[in-house]
Amino acid sequence: MVQEPNTREVFAAAFRDRVVHHLLYNFLQPVFEPKFIYGSYACRNNKGIHASVADLQSCLLKITRNRSRTAYFIHLDIKAFFVALKKDILFALITKQVKNPEIIWLTKLIIFSDPVENFKMKGDKSLFAKIPYHKSLFHVPKTQGLPIGNLTSQFFANVYLNELDQFAKHRLKSKYYLRYVDDFLLLSTNKGQLIEWRDKIGSFLKERLELEIHPNKQILEATNKDIDWLGYIIKPNCVLVRKRSVKVFKRKLFRFNQILAKYPASADQTGQLLLPFPEDLPPLELLEKILATVNSYFGLFLHADSYNLKKHLWDKHFCLLQKYLEPADSGFSSFRKKSGIAAKTSASR
């Protein structure tokens with residue numbers, strides 16, 4: 001069970017199964033990649049979250065003529081997508097394009113396998129009670145649902161929702177359409193047109209893919225409002241990091257400081273920091289883990305207008321971490337261990 005960004009169940013396949021998943025993906029990806037639209041960003045080479053954010057900014061400038069006219073966006077989400085997806089529809093979409101009998105056999109084996117029949121439960125078992133009934137593979141028919149956590153599931157999601165992509169681009173003629181997994185967004189200068197498109201998409205999803213637009217996750221606003229998209233807040237003239245991401249990172253920093261408080265460093269009479277004796281240093285593995293987490297978040301911040309945020313975090317929230325880590329540059333693009341710490345830690349071992 002994971003709790004960020006929300007509580008959900010994840011089935012992580014055994015290593016040997018992941019090898020087979022990659023084998024199948026390596027065969028299917030070249031078949032379907034040319035059929036995917038430009039505006040599909042998940043689980044694709046040279047795509048991803050940051051490319052989607054950059055393209056959304058570009059689309060906003062184009063549709064508003066560099067912010068000189070009004071435009072609108074509608075942000076939609078598919079209700080319980082990975083649990084609601086129908087296996088027979090997915091399998092039919094693949095066999096329509098693939099004729100190799102061995103690949104078809106393997107595809108069928110993976111799609112129709114039931115992860116709840118053979119699993120080892122890990123983590124906090126009490127979290128299972130927090131999962132909505134309709135969002136768990138334990139409570140849906142065996143004919144539907146894919147396990148979150150597999151490469152094949154991410155790729156199959158693109159195959160399944162490519163039908164929606166094609167409908168939006170070629171039937172609705174939506175010039176500005178972006179999708180990342182089951183989140184999708186459309187732009188138009190006509191607010192009424194977006195409402196019409198939403199209704200037509202809802203009908204298409206229900207009739208063609210047996211899916212449903214989430215009734216409580218629909219946002220229709222002018223583009224001069226904030227657009228919450230893939231972890232970032234897209235404003236007319238800048239990109240900011242979502243407050244929730246910053247809040248989670250602050251909690252992690254607080255926890256790291258609690259741990260590091262067990263390893264006090266000393267200072268001389270002038271206040272100059274003296275690296276602690278070897279026995280006072282945190283284990284190298286701990287520092288590496290902290291450093292990896294910090295750099296992961298600052299990598300996220302790097303794609304936003306976030307200098308003031310990064311400096312604020314360094315000044316106010318790193319606290320004890322400042323004794324062991326330092327910015328790699330004046331722009332806080334990343335962090336590194338202070339010189340001498342790795343050597344002293346190694347010596348202590």
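**Close-up views of a predicted model**

**View 1. Leucine 178 meets its partner in strand E3.** Leucine 178 has leucine 185 in E3 as its bridge partner. The pairing shown here comes from a predicted model, so please read each view in that light. Zooming out a little, strand E2 (residues 176–180) and E3 run antiparallel and are joined by five bridges. Between these two strands, the hairpin has two residues, and valine 181 adopts a positive phi near 55°.

**View 2. Strand E3 also pairs with strand E1.** Here E1 and E3 run antiparallel, with six bridges joining them. To find your bearings, look for aspartate 77, which stands opposite aspartate 183 in E3. E3 itself spans residues 183–188 and is mostly covered, with five of its six residues buried.

**View 3. A positive patch lies on the surface.** Four residues form this patch: Lys62, Arg65, Arg69 and Lys175. Arginine 69 sits in the loop that links helix H2 (49–63) to strand E1 (72–77). Its relative accessible area is 33%, so arginine 69 counts as partly exposed.

**View 4. Phe15, Val19 and Val20 make a nonpolar surface patch.** The patch covers about 300 Å². Phenylalanine 15 belongs to helix H1 (residues 15–32). Is this phenylalanine 15 buried or exposed? It counts as exposed, because its relative accessibility is 65% and the cut-off for exposed is over 50%.

Technical notes
Residues are numbered from 1 along each chain as its sequence is written. This is a predicted model: local features need pLDDT of at least 70, side-chain atom pairs count only at pLDDT 80 or more; totals for chains, interfaces and linings use all residues. Side-chain values use heavy atoms; hydrogens and water are left out. Patches are made of residues with over 30% relative accessible area and no salt bridge: like charges are joined within 9 Å, nonpolar side chains (Val, Leu, Ile, Met, Phe, Trp, Tyr) within 5 Å. Accessible areas come from the Shrake-Rupley method with a 1.4 Å probe; for residues, only the protein chains shown count as cover. A salt bridge is a side-chain nitrogen of Lys or Arg within 4 Å of a carboxyl oxygen of Asp or Glu. Lys and Arg count as positive and Asp and Glu as negative; His and the chain ends are not counted. The place of a charge is taken as NZ of Lys, CZ of Arg, CG of Asp or CD of Glu. Helices (H or I, at least four residues) and strands (E, at least two) are DSSP runs, numbered from the N terminus. Buried means under 20% relative accessible area, exposed over 50%, partly exposed in between (1.4 Å probe, protein chains only). Two strands pair if DSSP finds at least two bridges between them.
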